Amino acid sequence: MVKAIAVKGSKKLLNAWAFYDWANSVYSLVIASAIFPIFYGALFRIAGVEKLSVFGGEIARAPLISYTTSAAFVFIALITPLISGIADYTGNKKVFMKFFCYLGGVSCIGLYWFSLENIYLSLLCYFFGLVGFWVSFAINNSYLPDVAYPEQQDGVSAKGFSMGYAGSVLLLIFNLLMVMYPDMFGIETDASGTAEIKAMKYSFVTVGIWWIVFSQYTFYHLPVGNKKEGSKKNVVLNGFKELKTVWHQLGGELKLKRYLIAFFVYSMAVQTVMLIATYFGEEEIAWGSDNKRTFGLITSILVIQVVAILGALLTAAVSKRLGNVKTLIIVNILWVLICIYAFFLITPTDFYIAAGCVGLVMGGIQALSRSTYSKFIPETTDTTSFFSFYDVSEKIGIVIGTFMYGFVAQITGSMRNATIFLGLFFLVGAFLLTRVHKQKKPQQS
């Protein structure tokens, strides 16, 4: 029986595309934000050490994971154009999306064996988990103009993020029950570690399985990809050539160019907030005890995810009335206010309020940024290259943003000062967005 091909704009295809957010968002919540940071810190506390001898020197636990994360994003920024070029000229970007999905899922399962004794292999699993998540996510983003018409893109983009938040919260709650009540799941303390640590390891396995299994619905319905005509020479380097081509095309696409510059600036701040929020809360908030700190941080993460569902849908609704760019300007101004508020956070209640505000604007700005870019790119079948440019810009922004945040925090001695610094990025981003629709002045004759 021949599979019926889903038609562009059809409900079935839109749902299948959005469903990948449900499949892979569990990584960003359980691994990147919640369980893994707690697990990683617990390993060092149990071992009674703060530093490890790796890469020819003594490195503390926080810089070690930070350097690994930065290296992963540099690798992602380099490999995304390569994959884009090959996918465009072979017309099978779904194959690459599958590969990086499975790489990420298997790497998550590999985190079950994460230990300080085998730190190189452990960090390698963490590294490739990041790579698998972000590269497969980038390829999925590039499908948006292939599966949805312009008037559908805001809604389906918001739907994808909302489904991702909902699915990741469900799995996180299940994982938290395992960690808090391991006896209920038959998890007992043995020579390999405490019951809580074992439960955290099992949670990494559940993420990998969830990601791989639920992605199958997306893979079943997504088209293989658009095959680019032309020479097949130097296919590997064609991705970088395509980025160069996209860059030159921006010269004739003034609105797109202005939007990309604005996105690059404010995205640096958005992604940095997402990566450091847990560490800020751990260091700067007066929780009272370690147990209250762990419970409070996890609760805050759940608040962010739940509110983000509403935020993504609300932002999409507002954009229908005001337009995408005006809505993004408003969201950036709200981010500025949140950064100012973060400077004064002291109590857990303060942090919970901030988490709710972050959730409200986090989902909205991500979903709307993705769909706005999709609307601005010119009519083309070469969507992979344009979204590769988008994603490389975002990843370079993450490297710059996290480095500058850490630098400001280091030289001033406070993460609070760095939040004001992030607020400046959002302010500049809002200003740059006001210029997106400005007409070019005619030259004087």
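Colleague: How much area does the protein chain expose, and what percentage of it do carbon and sulfur atoms supply?

Modeller: First, some background: this is a predicted model, where local features need pLDDT of at least 70, side-chain atom pairs count only at pLDDT 80 or more, and totals for chains, interfaces and linings use all residues. Residues are numbered from 1 along each chain as its sequence is written, and side-chain values use heavy atoms, leaving out hydrogens and water. Accessible areas come from the Shrake-Rupley method with a 1.4 Å probe, and for residues only the protein chains shown count as cover. The protein chain exposes about 20,000 Å², and the part supplied by carbon and sulfur atoms is 67%.

Colleague: How many helices and strands does the protein chain have?

Modeller: Helices (H or I, at least four residues) and strands (E, at least two) are DSSP runs, numbered from the N terminus. Going by those runs, the protein chain comes to 14 helices and 2 strands.

Colleague: What percentage of the residues count as buried?

Modeller: A residue is buried under 20% relative accessible area, exposed over 50% and partly exposed in between, with a 1.4 Å probe and protein chains only. The protein chain has 445 residues, and the buried share is 55%.

Colleague: Among contacts between residues at least 6 apart in sequence, what percentage join residues at least 24 apart?

Modeller: A contact means heavy atoms within 4.5 Å. For the contacts you describe, the share joining residues at least 24 apart is 82%.

Colleague: Let's pick one residue: is Phe161 buried or exposed?

Modeller: You will find Phe161 in helix H6, residues 150-180. Because its relative accessible area is 8%, Phe161 is buried.

Colleague: Which residues does Phe161 touch, not counting those up to four places away in sequence?

Modeller: Phe161 comes near distant parts of the sequence: its C-alpha atom is 8.5 Å from that of Ser25, 136 residues apart along the chain. The residues Phe161 touches are Asp21, Phe137, Ala312, Gln366, Ala367 and Arg370.

Colleague: How is H1 oriented to H6?

Modeller: Axes are lines fitted to C-alpha atoms, for helices over the stretch in contact, and angles run from 0 to 180 degrees between N-to-C directions. Angles under 35 degrees count as roughly parallel, over 145 as roughly antiparallel, 65 to 115 as roughly perpendicular and the rest as oblique. The axes of helix H1 (residues 11-47) and H6 come within 6 Å and cross at roughly 40°. With that angle, H1 is therefore oblique to H6.

Colleague: What handedness has the crossing of H1 and H6?

Modeller: A crossing is left-handed if the near helix is turned anticlockwise from the far one by less than a right angle, and right-handed if clockwise. The crossing of H1 and H6 is right-handed.

Colleague: How is H11 oriented to H12?

Modeller: Helix H11 (residues 324-343) and helix H12 (residues 348-376) have axes 9 Å apart and pack at an angle of about 155°. That angle makes H11, relative to H12, roughly antiparallel.

Colleague: How many nonpolar, polar and charged residues does the contact of H11 with H12 have?

Modeller: Ala, Val, Leu, Ile, Met, Phe, Trp, Tyr, Cys and Pro count as nonpolar, Asp, Glu, Lys and Arg as charged, and the others, Gly among them, as polar. The crossing of H11 and H12 is left-handed. Their contact divides into 16 nonpolar, 6 polar and 2 charged residues.

Colleague: Which residues is Ser203 in contact with, leaving aside neighbours within four places in sequence?

Modeller: Ser203 sits in helix H7, residues 195-221, and is buried because its relative accessibility is 0%. The contacts of Ser203 are Val30, Ile35, Asn175 and Met178.
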